[in-house]
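The two exercises below are meant to be worked through with the sequence and the coordinates open side by side. Try each task before reading its solution.

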Amino acid sequence: MTLAQDPTALKALHEELSQQLKQQTANRLSLDLTRGKPSAEQLSLSNALEDQIRGDFKSRDGVDTRNYGGIRGLSEARELGAELLGVDAAQVIAFGNSSLALMHLAATTALNKGLWGNERRWHNSPGVKMLTPVPGYDRHFSLCEQLGIEMVCVPMLDTGPDMAVAANLAAADPSIKGIWCVPKYSNPTGCIYSDATVASMAELPSKAAADDFVVFWDNAYAVHDLVQPPATLASLAEAATAAGNDDHILQFASTSKITFAGAGLSFIAASDLVLKQLEQQIGFSTIGPDKVNQLRHARFLDGRLQAHMAAHAELLRPKFDLVQQSLKEGLAGWDIATWTVPKGGYFVSLDTQDNMASAVIAKAKAAGLALTAAGATYPYGADPNDCNVRIAPTFASLDELHAAMQVFLLCLKLTALEKRLAI
Ligand SMILES: Cc1ncc(COP(=O)(O)O)c(C=O)c1O
């Protein structure tokens with residue numbers, strides 16, 4: 001069956017698919033493809049974290065991790081951050097359990113204090129703005145909204161943000177102070193920034209009209225490869241050094257999707273000058289991080305990060321394959337959606353025909369399937385074409401995921417038929 005059929009056949013198809021969806025609803029489903037969380041099986045891969053201390057609380061440098069102090073974090077934890085981000089450990093602060101919290105700290109510091117120990121602070125300009133590649137990560141958007149930072153959209157291409165658009169916007173408006181990036185397995189499209197994009201990103205602070213422009217490089221999926229050999233990402237740090245912009249890039253990572261999402265480590269990498277400012281800010285709110293957890297993580301992942309991520313990939317690959325297979329088979333001949341085929345990360349991004357996504361998501365909700373809210377991948381929740389749906393397959397079991405994809409496909413097809421038949 002395809003949408004090219006005559007209206008009578010389409011109505012019959014609509015009736016048939018509606019019945020199928022009713023049956024699914026009668027099963028009282030409670031399915032959730034919203035947040036990119038690791039599954040219980042994935043979390044269990046790191047249960048041996050528990051065994052890493054066993055009364056030995058001393059770090060490699062002889063630090064008693066039970067006590068206060070050490071804002072920048074243990075050497076071995078900083079080395080783990082450096083491994084994730086591909087930088088020197090001296091450029092890393094290991095702090096807390098959430099890279100998002102570090103992004104918040106960096107943004108508030110840039111706004112209120114400045115990152116360079118001088119007069120440059122974002123709040124000196126009226127109407128601070130940041131560039132937001134779209135579709136993008138909803139929590140970057142809500143962070144901006146909460147801090148009163150206006151968002152200016154830049155389209156995402158297969159190679160990363162459209163750098164010509166980003167450079168023109170930044171060059172034309174001194175109140176544009178930064179850009180959000182998820183450079184590897186981007187949330188939600190799964191794309192990897194090309195070498196040319198990384199090079200342009202490193203040069204962007206020099207092209208910007210603002211002299212306090214900052215690249216927020218959120219490398220949340222740096223080692224989250226599904227296939228081997230893994231995709232490579234060029235080094236922003238090296239490109240920034242070549243461009244003379246070391247002081248204008250901030251890199252973030254965490255172990256949230258490596259060990260325990262709620263009890264991991266997070267990292268920020270920056271130049272000496274910027275690290276000093278951030279260290280000072282952190283020091284106003286705490287006397288030091290949880291170094292026991294840092295020690296636990298450093299010992300657990302020492303020399304086995306790759307093997308550990310391969311074990312994650314074993315669990316995740318069947319789920320991503322199932323999503324691809326369901327979409328390919330279920331939508332064959334329909335021509336109503338396109339979707340990404342990521343080689344890593346946590347999401348599949350699907351674009352429906354225009355003006356369908358919110359209806360599909362509402363229909364799925366009524367059938368017991370929770371999908372990320374319509375518009376969530378755009379600032380202010382406003383998807384201009386109402387077409388983007390983010391699918392997060394990691395948390396559900398394979399059986400649940402199969403059921404969820406069947407419901408999703410029915411909702412997508414029914415919405416397309418209703419649009420076509422104007423019902
Ligand atoms: C792009 C991106 N950055 C950051 C985070 C959150 O990271 P953390 O748990 O370190 O705060 C996520 C979680 O989904 C994410 O997708």
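**Exercise 1.** In this predicted model, work out the strand order of the open sheet and say which strands lie at its edges.

*Solution.* Begin with the whole sheet, which is open, has 8 strands with mixed pairing, and follows the order E2-E9-E8-E7-E6-E3-E4-E5. The edge strands are E2 (92-94) and E5 (160-161), each of which pairs on one side only. Next, take one pair from within that order: E6 (residues 176-181) and E7 (residues 214-218) run parallel and are joined by 4 bridges, and Trp-180 stands opposite Phe-216 in E7. Finally, add the helices that pack on the sheet. Helix H3 (residues 75-85) touches E2, E8 (249-254) and E9 (266-269), with its direction at about 70° to that of E9. Helix H6 (residues 163-172), in turn, touches E3 (129-134), E4 (150-157), E5 and E6, and its direction makes about 155° with that of E4.

**Exercise 2.** Describe how helix H4 (residues 99-112) and helix H5 (residues 138-147) cross, and identify the residues that meet.

*Solution.* Two packed helices are described by the angle and the distance between their axes, so these come first. The axes of H4 and H5 come within 11 Å and cross at roughly 35°, and the crossing is right-handed. Then list the residues in contact: from H4, Leu-100, Met-103, His-104, Ala-107, Thr-108 and Leu-111 meet Arg-139, His-140, Leu-143, Gln-146 and Leu-147 of H5. Sorted by class, this contact has 6 nonpolar, 4 polar and 1 charged residues.

Definitions and conventions
Residues numbered from 1 in each chain as written. Predicted model: local features only at pLDDT ≥ 70, side-chain atom pairs only at ≥ 80, totals over all residues. Heavy atoms only, no water. Axes fitted to C-alpha atoms, helices over the stretch in contact; angles between N-to-C directions. Helix = DSSP H or I, 4+ residues; strand = E, 2+ residues; numbered from the N terminus. Left-handed = near helix turned anticlockwise from the far one by under 90°. Contact = heavy atoms within 4.5 Å. Nonpolar A, V, L, I, M, F, W, Y, C, P; charged D, E, K, R; others polar. Pairing = 2+ DSSP bridges.
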